Each structure stands twice: as structure tokens, then as C-alpha cells.
Amino acid sequence: MKKLIALMAAGLLCGVTFASAQEVDLVALKSQIADLQSKVDAMSKEMNKMQQHTVTDKVSLGVEFMTRVDSMQFNDVRGLNDELQGKLRNMMNDIANGAMYNFAPGSVTNTYATMNDGTNNYIPATMQNYQAMFQGQGFFDPTKVKKYDTNNDFFMTNRLRVRMSSKVNENISFTGRLVMYKAFGESISEHFFNGTMGSMNMDMNSGQVPGDDSIHVERAYFVYSNNIGPVPYHFSLGRRPAAYGAGMENHENAVLGGSPLGSIIQMNFDGASLGFDLEDVTGIPGLNFKVCYGQGFEGQYGTYNSLNSTADVNDVHFYGFIIKAFDNDQYKLWYNYAYGAGITDGFVGTSVFPFFVRSAGYDDSNNPTYVLVPNFGGYISRIEPTSKVGDIELHSIMAQGKTFGFDWFAAYSLSKTHPDGSSANPMYKFMGQDKLLDGKSRTGQSIWVGVMTPELPYTKGKLGVEYNWGSKYWLPFMATTDAAKLATRGQVYEAYYHQPIVGDNFFATLGVMYTDYRYTGSGSPMGAPMKIEDVIPYNVMMPVVDKVTDFYLKMTYRY
């Protein structure tokens with residue numbers, strides 16, 4: 001009996017031991033499986049990283065998307081009074097209905113001549129007689145200028161930027177940026193011409209002025225880097241990063257975005273640059289010298305001038321250089337020189353003009369004659385320059401720094417015109433704006449200063465203020481909406497507050513800008529500037545703005 005009990009106990013013990021061994025094997029197996037799964041997950045993540053790395057080795061993408069709302073008030077706008085508006089409207093209606101203004105030689109009055117032959121052959125008049133007719137109708141009487149206020153209380157825009165970069169090796173890389181800048185509810189990029197360059201759709205402001213949902217190539221260029229002995233150099237060719245340059249960092253809440261100083265150049269163009277880093281050979285921190293070239297207009301390909309051997313229009317070329325005289329990361333000192341050679345009376349572009357002045361040949365005394373044609377249909381016109389009007393040179397010196405946590409900058413700039421020729425465009429002749437400014441060599445000046453606080457307590461936001469002033473003959477190369485204030489012949493005050501929501505990747509900007517124009521034609525090379533208070537009705541057939549207050553809110557995503 002004792003043997004049987006001992007045998008049963010031994011068997012039970014063996015069963016328990018066997019069961020325990022099974023449990024141990026299962027636990028070990030589960031542990032091995034979990035360990036294997038962890039390794040598989042790690043390998044999968046590594047493979048994803050490797051695949052992503054392989055892709056980004058070719059092209060890296062970044063996105064910036066901004067939604068902006070503006071509320072703009074225009075004060076003391078100068079325009080035609082009700083009497084002259086009625087006269088101009090009647091004149092345009094008469095012309096549209098076939099009645100032409102016909103002038104006897106030397107006459108300062110007008111008579112009507114109704115055409116019944118259906119040929120629509122307009123009866124021409126000399127420019128002097130057209131101007132005499134407007135004078136006789138009271139368009140040169142300063143008492144008939146009307147002052148009024150108007151506004152655009154709710155203007156919304158979206159701007160999308162897609163940044164591209166690619167680097168083959170340490171010697172060669174590519175950078176590009178695609179832009180869509182769209183006004184809410186807008187489906188076309190051609191706007192009513194208001195006398196400024198910004199109201200024309202052309203190469204220099206493509207993607208820089210709100211329009212439709214078209215995608216524009218704002219930047220696309222390669223950079224080749226190497227060394228000449230101990231001196232590093234870089235050569236670049238393509239569509240230049242010529243907007244949002246030094247000085248725009250505070251306003252944009254971004255790092256340096258362009259090559260020329262933002263105080264004198266804010267426009268698109270194609271060209272090249274060659275730069276030399278001289279810090280190591282001179283011992284001066286950040287010393288850099290760069291020569292630049294650009295083409296602002298192709299004068300022959302695709303234009304009337306390509307077939308007309310007598311045309312006085314050639315390519316427009318830009319030359320210049322940039323010296324970064326000092327840069328130790330805390331303080332910077334820049335000097336930028338630019339020269340625009342062979343500036344024409346315009347560029348190839350499209351717009352909607354209120355009326356047209358067309359050449360109609362010559363009269364019996366060999367005076368050029370013209371036809372005035374209203375544009376009641378709002379038809380889009382393609383225009384191109386007719387004549388070279390001269391050269392423009394620009395100088396700018398800028399200091400930037402970070403002191404006690406405050407980011408600041410100050411720039412002094414100078415423009416000088418060298419007139420050479422006059423416009424053959426009938427519209428410019430009709431308006432008396434056929435010269436580069438007033439046809440004399442003129443010097444303009446500009447001051448631009450700004451400061452932005454360090455992060456404020458609690459909110460972590462930053463507050464910035466800017467001021468810029470331009471003299472009567474100030475004439476930079478400006479085409480972007482965001483930098484249009486820098487072309488102002490007058491004064492601009494601006495304050496803004498950047499509030500981070502998700503760091504610098506998503507933030508809000510609340511701002512206000514007050515512009516006080518002192519002279520007409522800000523940013524335009526054509527026509528003599530006049531004091532706003534001295535304009536006459538003949539000058540304001542397209543209204544002239546005196547003061548503008550713009551409140552704005554921006555929401556920006558950047559990653």
C-alpha cells in the first residue's frame with residue numbers, strides 16, 4: 001500500500017512538473033514573440049525613415065498658408081465733382097454712340113460730328129485740342145475737385161506658398177517657391193487700372209498681388225558652391241528671391257526671405273548672382289560681396305517690337321551688388337546698389353482701362369492725331385511699352401541688430417533718375433505723363449525703421465512698430481502688395497502684434513497701418529509727382545488717395 005501511495009505521489013509530482021514546464025515554455029514563447037514584434041516594428045519604422053530620407057534627399061517640401069482680412073478706410077480721396085463726372089460720362093456716351101469730338105485746326109472748342117456711314121471711322125483730334133477741350137470744359141479748375149471718403153470694410157485673401165529645396169551634394173542645390181495669392185470671391189487676375197503698377201497683371205508682381213487661384217512660380221534657382229583658394233564662392237541662376245528681403249523679417253515674423261534689401265527692391269525678376277564669402281580671409285565677421293544681374297523685360301520676343309525695326313524698346317536690364325559689411329549674428333550692416341538700364345514706359349501686362357487713347361495718324365499740319373475710346377465693356381487689354389524713358393539707380397544702407405532682446409533695423413535709401421526719351425503711348429501723352437518723372441534728373445530719399453519686442457510675459461507674443469517716409473521723387477522697384485508702403489511718397493506708420501498659437505508654426509497677427517500720401521504717383525516712374533492738395537480735375541480722372549487706414553488680421557500656418 002505504501003508503495004502504491006508513493007508511486008501515485010511520484011506520478012502527480014511528475015504531472016505538476018510537466019505542467020509547470022509547459023507554462024514556462026508558453027511564457028518564454030510569448031516573450032520571444034513580443035520581442036520579435038518589437039523588432040519588426042522598429043525595422044518598419046526604420047524602413048519608413050529610410051524611404052522618407054530617400055525621398056527628401058531629392059526634394060524637401062514646406063508649406064505656408066495665410067488667411068488675411070483687411071478693413072480699409074480711404075479718407076480725403078480726390079476725384080471729379082458731380083458736374084465734371086456728368087460731363088465726362090456724357091462725353092464717353094457720345095463717343096460710344098458714334099458722335100466724335102472734331103476740332104478745327106487751332107480751335108479750343110469742340111463740335112459734334114455724327115457718323116452715319118457705319119464704318120466707325122473715328123474723327124481724330126490732335127492731343128493739344130483734346131487737352132484744350134478738357135480745359136474748356138472746366139477740367140483744369142481746381143475748385144471742381146471733389147473730396148470724399150470711401151472704404152472696403154471686409155476684404156479677405158488667402159496666400160499659399162509651397163517651398164521646395166533639393167541638394168545633390170555640398171556643391172549644388174536648388175530652391176523654389178510656388179505661390180497662390182487669392183482674394184475671396186475673385187476669379188480673375190486683371191483689375192481696373194487705378195494709375196499704379198500694382199493694378200496691372202505682369203511678370204514683376206505675379207503671385208504678389210491678390211487675384212485668382214492661379215499658381216505662380218515666384219522663385220526657382222540653383223546655387224553652385226565651391227572655393228577659389230581660401231575664398232568660398234557661390235553662383236546662382238534662375239528666378240530670383242528678390243522680394244521679402246532684409247528688413248521684412250519683423251513684419252513677416254520669419255527669417256530672411258530674399259536677397260536684395262527690402263528697402264529698395266520688392267519684385268520678381270529672372271537673373272543671376274555671384275557671391276564671395278570673405279570672412280575667413282579678412283577676419284571680418286560675415287563679410288560677403290555679391291554681384292547681381294536681372295532682366296526686367298524682354299523687348300523683342302512676343303512683342304510688336306520684334307517686327308518693327310524702328311521701335312525704341314530694348315530689353316530692360318538690372319545690375320548691382322550687395323555688400324554685407326558685418327554680421328556677427330547679433331548685428332548686421334548692409335549696403336545695396338542697383339541700376340536699372342533702359343527703363344521703358346511700362347512692361348508687358350494686362351489690365352482693364354477706363355478708356356483708351358489711340359493714335360490716328362497725322363493731320364494736314366503733320367501733328368499727331370488721337371482718338372478717345374471709352375471702355376464701357378470692361379474689356380481686358382494687353383499692353384506693352386512703346387519707348388525707353390531713361391535709367392534709375394538705387395542706393396540703400398541698412399543696419400540690423402538685437403539689443404536687450406529687441407529686434408531692430410534702420411535703413412536710409414536714395415533713388416536717382418536719368419531721363420532719356422519720352423513715351424510714345426498716347427494715354428501717357430494725353431495725361432501729360434510721358435516722361436520719367438518730370439523729365440529731369442531727380443533724387444529721391446527714403447527712411448525705414450522698425451523695432452520688435454522680445455517675447456512678452458504670459459502671452460509669449462511679440463509687438464512690432466515700423467515707420468517709413470519717402471520724398472517727392474522717391475522711386476524704388478516695388479511690386480508686392482505687402483511692401484507697397486515702402487514706395488510711398490509720404491509717411492506710413494504701422495504697428496503689429498504676433499501671437500503664437502502653436503509656436504511659430506501657427507500664429508495670429510493683428511495690425512494697423514496708417515498711410516499719409518503727400519505726393520501723387522507713389523511707385524510709378526511715369527509723370528511728375530504733384531502735391532495731393534494741388535491736383536486739378538484733369539489729374540484725378542482716376543481718383544487720387546490722400547490717407548488710408550488699414551486694420552488687418554492674419555492667421556498663418558508655416559511648417
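**Figure 1. The β24-β25 hairpin and its partner β26.** In this predicted model, P500 stands opposite F507 in β25. The two strands, β24 (residues 490-502) and β25 (residues 506-517), pair in the antiparallel sense. Twelve bridges hold that pairing. Three residues lie between β24 and β25 in the hairpin. One feature of the turn is G503, with a positive phi of about 60 degrees. β25 also pairs with β26 (residues 547-558). This pairing is antiparallel too, over eleven bridges. Within it, G511 has Y552 of β26 as its bridge partner.

**Figure 2. The open sheet β7-β15-β18.** Three strands make up this open sheet, in the order β7-β15-β18. Their pairing is antiparallel. β7 (201-202) and β18 (380-383) stand at the edges. Each has a single partner strand, so one side of each is left without a neighbour in the sheet. β7 is joined to β15 (residues 349-352) by two bridges. N201 stands opposite T350 of β15.

**Figure 3. The largest nonpolar core.** This core holds 33 residues. I265, M267, F318, I343, I392 and F477 touch the most other members. At least two core residues come from each of β13 (316-327), β14 (331-344) and β19 (388-403). β19 supplies the largest share, three residues.

**Figure 4. Contacts of F477.** Residues up to four places away in sequence are not counted here. F477 touches I264, I265, Q266 and M267, among others. Its contacts also include F318, G340 and I343. I392 and L394 belong to the list as well.

**Figure 5. A second nonpolar core.** This core is separate from the largest one and has 21 residues. Among them are L80, M91, F355 and V535.

**Figure 6. The second largest pocket.** About 1000 Å³ of space lies in this pocket. It is lined by 38 residues. R219, Y221, L256, G257 and G258 are the closest to the pocket centre. Several strands give two or more residues to the lining, including β5 (145-167), β6 (172-183), β8 (216-228) and β9 (231-239). β11 (270-277), β12 (288-297) and β13 also do so, as does the helix α4 (249-252). β6 gives the most, with five residues.

**Figure 7. D76, a residue with positive phi in a strand.** D76 is not a glycine, yet has a positive phi of about 55 degrees. D76 is found in β1 (residues 60-80). With a relative accessible area of 27%, D76 is partly exposed.

**Figure 8. F404, a residue with positive phi in a loop.** F404 is not a glycine either, and has a positive phi of about 55 degrees. F404 sits in the loop between β19 and β20 (406-419). At 78% relative accessibility, F404 counts as exposed; the cut-off for exposed is over 50%.

**Figure 9. The whole chain, for orientation.** The chain comes to six helices and 26 strands. It has 559 residues, of which 43% count as buried. The exposed area is about 28100 Å². Carbon and sulfur atoms supply 59% of that area. Of the contacts with a separation of 6 or more, 69% join residues 24 or more positions apart.

Terms used. Residues numbered from 1 in each chain as written. Predicted model: local features only at pLDDT ≥ 70, side-chain atom pairs only at ≥ 80, totals over all residues. Heavy atoms only, no water. Core = buried A, V, L, I, M, F, W, Y, C linked by side-chain atoms within 4.5 Å. Buried < 20%, exposed > 50% of the residue type's maximum accessible area, 1.4 Å probe, protein only. Helix = DSSP H or I, 4+ residues; strand = E, 2+ residues; numbered from the N terminus. Contact = heavy atoms within 4.5 Å. Areas by Shrake-Rupley, 256 points an atom, 1.4 Å probe, with all protein chains shown as cover. Pairing = 2+ DSSP bridges. 1 Å grid on protein atoms, 1.4 Å probe; cavity = no way out; pocket = protein on both sides within 12 Å on 5 of 7 lines; lining within 4 Å. Points joined across faces, edges and corners; volume = space filled by probe spheres on them.
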